[in-house]
Amino acid sequence: MMHHAVAVASPLARRLYVVCAVMAFALTGVAQAGEARVAVASNFAPTLDALIRGFERHTDHTIAVSSGSTGKLYAQIVNGAPFDIFLAGDAARPARLDEDGLAVAGSRFTYAVGRLVLWDPAGGGVSADRLRYGEDRVIAMANPKLAPYGAAADQVLEGLGVTKNKKPKRVYGEDVGQTFAFIHTGNAPVGFIALAQILTLPESQRGTHWAPDAGDYAPIRQDGVLLQSADGNAAATAFLAFLKSGEARAIIAEAGYDIP
């Protein structure tokens, strides 16, 4: 009769096997580091850059960014643009994506509340009276049909009795980023933008600004949502979780937004 030898692993061999298995698991995790594609409202793009730097210190995931007006980004998403996360400048469009089944159920949340300001980079006096009685020929603002900050500016002007057929004439940027450029380059002497945009500038370039009362316009709730195309994307899920962290909330507040 032949006897088959049975190999019995020594305790040391078993420990080595466990160590190797753990190392293999860790390496597999690194190999699975992925990318999330984020569509972001232009006013929040500089703040998003700072958030990404914080996020990438903690992970091997990477973030690719496309910025623009909330309205245009929404249209691109509806038409199948391959984004994983939408960080809108309003709450309405992420809600529509949710209702239409284009977003992951339960993923929508408010990541920031915007502050609207009237800005004069030259440092002149800015106030409600400048809008009512000033000599400015034009005022820049984002397109109210596409950009929440434009809609908010519209509400402020209407509340002050500055209708569209009165001075100053309204010059529309496609989004609040283009509006900022109009004012910063001198193509418009004054205009409505996000406070956060001014805070990206050196002190010497910040000029003067006036903040309308919060009750003069509907709150600019900026909602984020995980899109259906990202369901199962670990990088996208991890980044949305990071946006809710204390570290991220501190960055958002410092950038000039209210935290919900």
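This short presentation covers the pocket, the cavity and several strands and helices of one predicted model.

Good morning, colleagues. I shall begin with the open space in the predicted structure. The largest pocket holds about 200 Å³ of space. Its lining comprises 16 residues, and those closest to its centre are Gly89, Asp90, Pro148, Ala151 and Pro219. Three elements each give two or more residues to this lining: helix α4, spanning 92-99, helix α6, and strand β10, spanning 220-226. Which element gives the largest share of the lining? That element is α6, with 4 residues. In terms of class, the pocket lining divides into 10 nonpolar, 2 polar and 4 charged residues.

Helix α6 therefore deserves a closer look, since the largest share of the pocket lining comes from this helix. Helix α6 takes in residues 148-159, 12 residues in total. From its first C-alpha to its last, α6 reaches 17 Å, close to the 16 Å expected at 1.5 Å a residue. Its buried residues are Pro148, Tyr149, Gly150, Ala152, Ala153, Asp154, Val156 and Leu157. After the helix comes Gly161, with a positive phi near 80 degrees.

I turn now to enclosed space. How many cavities of 30 Å³ or more does a search of the whole structure find? The search finds 1. The volume of the largest cavity is about 50 Å³. Its lining residues are Ala41, Ser42, Asn43, Gly68, Ser69, Thr70, Gly89, Ala147, Pro148, Tyr149, Asp175 and Val176. By class, the cavity lining has 5 nonpolar, 6 polar and 1 charged residues. Gly89 and Pro148 appear in this lining, and both are also among the residues closest to the centre of the largest pocket. Pro148 and Tyr149, which line the cavity, are buried residues of α6.

Two further residues of the cavity lining, Ala41 and Gly68, lead to the first pair of strands. Strand β1, residues 35-41, and strand β2, residues 62-68, run parallel and are joined by 7 bridges. Within this pair, Ala41 stands opposite Gly68 of β2. Together with helix α2, residues 45-56, the two strands make a right-handed β-α-β unit.

Val40 also belongs to β1. Why does Val40 count as buried? Val40 is buried because its relative accessible area is 0%, and the cut-off for buried is under 20%. Val40 and Val65 are 25 residues apart in sequence, yet 7.1 Å apart in space, C-alpha to C-alpha.

The next element is strand β5, residues 116-120. This strand is mostly covered, with 5 of its 5 residues buried. In a regular strand, side chains alternate between the two faces of the sheet. In β5, Leu116, Leu118 and Asp120 point one way, while Val117 and Trp119 point the other way, and all are buried.

With which strands does β5 pair in the antiparallel sense? One is strand β8, residues 191-194, which pairs with β5 over 4 bridges. In that pairing, Leu118 stands opposite Phe192. Another is strand β9, residues 208-210, joined to β5 over 3 bridges. There, Asp120 has Thr208 as its bridge partner.

Leu118 also provides a link to helix α5. Ala128 lies in this helix, which spans residues 128-133. The C-alpha atoms of Ala128 and Leu118 are 9.1 Å apart in space, with their positions 10 residues apart in sequence. Is Ala128 buried or exposed? At 15% relative accessibility, Ala128 counts as buried.

Finally, I present two contacts between positions distant along the chain, each given by a C-alpha separation. Val104 sits in the loop between α4 and β4, the latter spanning 109-114. With a relative accessible area of 15%, Val104 is buried. The C-alpha atoms of Val104 and Asp231 are separated by 6.9 Å, although these residues are 127 residues apart along the chain.

Gln197 is the other case. Gln197 is found in helix α8, residues 195-198. Its relative accessible area is 6%, so Gln197 is buried. Gln197 and Gly256 are 59 residues apart along the chain, and their C-alpha atoms are separated by 8.3 Å.

To close, I return to the region where the presentation began. Pro148 is one of the residues closest to the centre of the largest pocket, and Pro148 also lines the largest cavity. Thank you for your attention.

Note on methods
Residues are numbered from 1 along each chain as its sequence is written. This is a predicted model: local features need pLDDT of at least 70, side-chain atom pairs count only at pLDDT 80 or more; totals for chains, interfaces and linings use all residues. Side-chain values use heavy atoms; hydrogens and water are left out. The expected span of a helix is 1.5 Å times one less than its number of residues. Buried means under 20% relative accessible area, exposed over 50%, partly exposed in between (1.4 Å probe, protein chains only). On a 1 Å grid over the protein atoms alone, a cavity is a set of points where a 1.4 Å probe fits but cannot get out, and a pocket is an open set with protein on both sides within 12 Å along at least five of seven lines; lining residues have an atom within 4 Å of a point. Grid points are joined across faces, edges and corners, and a volume is the space filled by probe spheres set on the points. Ala, Val, Leu, Ile, Met, Phe, Trp, Tyr, Cys and Pro count as nonpolar, Asp, Glu, Lys and Arg as charged, and the others, Gly among them, as polar. Two strands pair if DSSP finds at least two bridges between them. A crossover is right-handed if, with the strands pointing away from the viewer, the path from the first strand over the helix to the second runs clockwise.
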